[in-house]
Each structure stands twice: as structure tokens, then as C-alpha cells.
Amino acid sequence: MALRGNLRDFTITQLLNLINLAQKTGTLVIDGPSEQAHVSFRQGKLAYAKVGSEDNSLAAVLHKANKLNVNQYRAIAERSGQMTDKELGLLLINAGYVSQEDILLNLQGYFTDVIRRLFAWVEGFFRFENEMLPPDDRINVRLDLENLIIEGSRQLREWEELQDEIPSLDMALKFTDRPMTNLNLSIEEWRVVKYIDPKNTMKQIASAAKLTDMEIRRIVYGLIQAGLVEMVRPLSPHAAPQINPRMFPTQDREEQKTLINKLIGRIQKL
Amino acid sequence: MQTVKMVVTGPFSAGKTQFIQSVSEIDVVATERKISSSSERSVKDATTVAMDFGRITVDEDLVLYLFGTPGQKRFDFMWEILSEGMLGFIVMVDSTRPETFREARSILETFRAYAPTPFVVAANKQDKSDAWELEDVRHALRLDAKTKLLPCIATNKAQVKQVLLELLYSILAEMDSSR
């Protein structure tokens, strides 16, 4: 079934979040304002990206990063078609021009840059193709999406959107099971992170960290999008239980259970 | 006569009125009005402005009321009133309209903040070819693994019954665990 829609309703950041959480493999195809982008993932990690007809070959990426000079780039480009990126990578490593780490870091940098450019796309149709993988001859990377998601979330500026995402600051936050490693958080984000506890409401965190409603919402939104925290009802000794007396016409626990069982029986017979 | 109530909420045109209609023993008392906004009219002609109201009589002593909330945000002043004293709530989402997922998340969080009652999420129109897969809907709505997300076709009585039953099972489980 379809994972498709319009960027107007579902942003690049939200798509990255979904792909990350669902650990999806496949290619996100986006028809943007003037060009098409392909971004591939393996098990929820960024593997490859291409936008429009831009040359994203290894030679072009290394040339842009000043790892290859113009003459080297031209010589390689002339022989393109005879050599895959993987073969070229091996040749360059064996010839001592670059290291394997150089290649991977530069490709990661290029693919990340493509994603950053996509953050600016607010209009366009997207679809996720489960079967579509990057071309065989291209080198894939394996890049966690969390930092990109946090970066993309920082760009959400609209008050109304943030209020939709986080309608009540009376909710608390708790960490998910995802490990918080290699995260590029800002000082404000760390200030929020240190107060995260199911006992603290977002309102209390904002007050302790001296943040406005808008600031706390923006930071929390980024952390939620990256799958690092989730909203929960605040834990307190006086917290309302899930089952409260106002739900039932009777306060007797056994009668309440009988009532629910009667409802179940009736609905089964409908 | 004892009465209890459940609330069916969700974004505009998610299928709430149809959901209640499928199981209510009375014609749903719908407070629908012709839509004036052209963008909303392209989705459907009439919408709920106050609430929908359905009824399931259990026996001569007990009645279940189903209340459907208006979908548009400008009527959200009704939500808190409707949620007062509910047994639990159902969030309906149209699986074919990802543009409504953000609003569904917002409605869900708003209701969770009103009352800590059990809830389930029903992914409507799962029979359509352009419906998002359940697991994608789960991630898009940021539902944790414990939250019940159920496939649903609001016009299908058996599936609507199943959604109601799952909510009741959750209430029972919560009663047992909070002893």
C-alpha cells in the first residue's frame, strides 16, 4: 500500500522521522518545484541521494571537496562509463590519492547536503518505493538520521504548526529506548534534555530552562521527531488514574466491571 | 437508568459520523451543516458542527451513548465538554489522507491532556488502494507500540464493533492493572 502524499502536509523532516522509526529500506522519490530528488535508505539509515540531473558521481563529489584537481576530475570524467564508482574508489585508494575514510566522509557530506536542500522544499509530491534501491555501481553510505531530523525540526518556525504538534505544555516527557549517542544538540536542547523526567511537565521545564512557550515547543518537537523522547502524562503522587469515578454511574469496582462486561456482550451481539 | 459514554474524535472527514451510524440503534442525531469553505467542500458536502449522537441500549438499566466530535479545529471548544466523564475515546483517522495526520496527532494529544482515559486509534478506509499501511500510520501519528491501532472501514459494522470492543478490553485491562 501507498506511502505517498504532498510535502505541504507531510514535511521532509516528518518523512525522515517515519523512515527512521520504521527502519525502512527503499527510495523516497520527491517531485519538487523544479526537479526530482531520489533519496535511498537501508534499514532506516541514509544510503544515497541525488537531486535533479546534478552530477553526484564519486569523481564530482571528490572534486567539489578539493580531493581531486580539475585535471584529475576531467581525466576520470572522460573515462566514465568504463569504470563504476566502486572501481574508481578502489583505484584512488590504491593510488594513494584518497583514503576510504575520505571517500565515505565526502559522500556522507554530499548526501547530507542534498537533504538540507530538500528541507527548503515545502511543495511537491512524494512517494516511497520499497523496491527501488540505489544504482548498483554507486557507493552507499550508512548514516543515522537523528541529527538531520533535529536539524530539520529547528527550521519549523510557525507558531501555529508548533501548537498543533504540541497542543499542551501540561504534558511531560520521557526518553524512548533509542540511545542518545553522537547527537549534535544545541545548548538550549541540552538544557531541556537535562530536565526530562516523567514528573516534569513541559511548562515546568520551560520555566527552569528560562525558555518561552515557543522555544520549548520547538526544542521538544525536534527531540520528538528524532524519536528521542515521547509525550506522557506527568507522573505525580496525585496523578489522576486512568480509571476515574466520573466514567461510571456507580463507584463500586465490581459493578463497574460488570457494566463493562455487559457492554462487551451487547456489542458482540450487534 | 444508567448511562455511559464513549467519544469518537478525529480530523474533519475522517469518518466519525459514519462510524457511529454503523452501530447506533437510532438514526444518528447529526448536527450537520452545509460546508461553506470551498476547500472543505471538495472533501464532503456537510460536516458536524456540534456533535453526533448515537445510542446502543444494553438492557433496560444501561445505555451506551456514542458522541462524535466536530472535526474542524474552530469547533474545538466542544471537545472538552464532550470528553467529560467518558469511558474512553476513539481517534479516527483517514488512512488515505496524510494531510490530516498532523491534525489527528494534535487532537489525540489534546484529548490525552483532557482526561487520562483509555483510547484506541482506528485507521479508516484501509480498503482503499491509496491507504497508508498501518505501521506507517502508527509512526506518522507517533503512537507507541502499546497503543492499539486498528484497521477500520467505518461503513463495515463488524469492523466498527471490533474497534469498540478493543476499547472496552483496554478499559477492562486498565481496571485490572490499577487494582
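# Helices, core and chain contacts in a two-chain model

In helix 10 of chain A, the buried positions are Ile216(A), Arg217(A), Arg218(A), Ile219(A), Val220(A), Gly222(A), Leu223(A), Ile224(A) and Gln225(A). Please keep in mind that this is a predicted model. The points below start from helix 10 and move outward to its surroundings, the core, the contact between the chains and two loop residues.

**Helix 10 of chain A and what follows**
- The 13 residues of helix 10 of chain A should span 18 Å at 1.5 Å a residue, and its end C-alpha atoms are indeed 18 Å apart.
- Gly227(A) comes after helix 10 of chain A and has a positive phi, near 75°.

**Helices 5 and 6 of chain A**
- Helix 5 of chain A covers residues 100-119, 20 in number. From first C-alpha to last it reaches 29 Å, close to the 28 Å expected at 1.5 Å a residue.
- On helix 5 of chain A, the buried residues are Ile103(A), Asn106(A), Leu107(A), Tyr110(A), Phe111(A), Ile115(A) and Leu118(A).
- As background, residues three or four places apart in an α-helix point the same way, because there are 3.6 residues a turn.
- Helix 6 of chain A (residues 146-153) is mostly covered, with six of its eight residues buried. These are Glu146(A), Leu148(A), Ile149(A), Ile150(A), Gly152(A) and Ser153(A).
- What do the buried residues of helix 6 of chain A pack against? Their partners are helix 1 (12-22), helix 5 and helix 10 of chain A.

**The largest nonpolar core**
- This core holds 108 residues. Those with the most contacts inside it are Phe111(A), Val220(A), Met6(B), Ile90(B), Val91(B) and Val93(B).
- Two of these residues also appear above: Phe111(A) is a buried residue of helix 5 of chain A, and Val220(A) is a buried residue of helix 10 of chain A.
- Ile90(B) touches Met6(B), Val8(B), Phe119(B), Val120(B), Ala122(B), Val163(B) and Leu167(B), leaving aside neighbours within four places in sequence.

**Where the chains meet**
- In the contact between the chains, 46 residues of chain B meet 39 residues of chain A.
- On the chain B side, strand 1 (2-9), strand 3 (46-59), strand 4 (62-68), helix 4 (101-114), helix 5 and helix 6 (157-177) each supply at least two residues.
- By class, that side of chain B has 22 nonpolar, eight polar and 16 charged residues.

**Chain A as a whole**
- Chain A has 11 helices and seven strands, and 34% of its 270 residues count as buried.
- Its radius of gyration is 25 Å, whereas a compact globule of 270 residues would have one near 18 Å.
- Along the principal axes, the C-alpha atoms of chain A fill a box of roughly 85 × 50 × 35 Å.
- The domain assignment gives domain 1 (4-143), domain 2 (157-232) and domain 3 (243-270) for chain A. The C-alpha centres of domain 2 and domain 3 of chain A lie 37 Å apart.
- Among contacts in chain A with a separation of 6 or more, 75% join residues 24 or more positions apart.

**Two loop residues with positive phi**
- Lys210(A) is not a glycine, yet its phi is positive, near 55°. Lys210(A) sits in the loop between helix 9 (202-208) and helix 10 (213-225) of chain A.
- Arg142(B), also not a glycine, has a positive phi of about 60°. Arg142(B) belongs to the loop between helix 5 (134-140) and strand 7 (149-151) of chain B.
- Is Lys210(A) buried or exposed? Lys210(A) has 9 other C-beta atoms within 10 Å, so it is exposed.
- Arg142(B) counts as buried because it has 21 C-beta neighbours inside 10 Å.

Conventions
Residues are numbered from 1 along each chain as its sequence is written. Chains are lettered from A and ligands numbered from 1 in the order in which they are written. This is a predicted model: local features need pLDDT of at least 70, side-chain atom pairs count only at pLDDT 80 or more; totals for chains, interfaces and linings use all residues. Helices (H or I, at least four residues) and strands (E, at least two) are DSSP runs, numbered from the N terminus. The expected span of a helix is 1.5 Å times one less than its number of residues. A residue is buried if 20 or more other C-beta atoms lie within 10 Å of its own, exposed if 12 or fewer, and partly exposed in between; C-beta atoms are placed from the backbone. A nonpolar core is a set of buried Ala, Val, Leu, Ile, Met, Phe, Trp, Tyr and Cys residues joined through C-beta atoms within 7 Å. Two residues are in contact if their C-beta atoms, placed from the backbone, lie within 7 Å. Ala, Val, Leu, Ile, Met, Phe, Trp, Tyr, Cys and Pro count as nonpolar, Asp, Glu, Lys and Arg as charged, and the others, Gly among them, as polar. Domain bounds come from an automatic or database domain assignment. The radius of gyration is taken over C-alpha atoms; the globule rule is 2.2 Å times the number of residues to the power 0.38.
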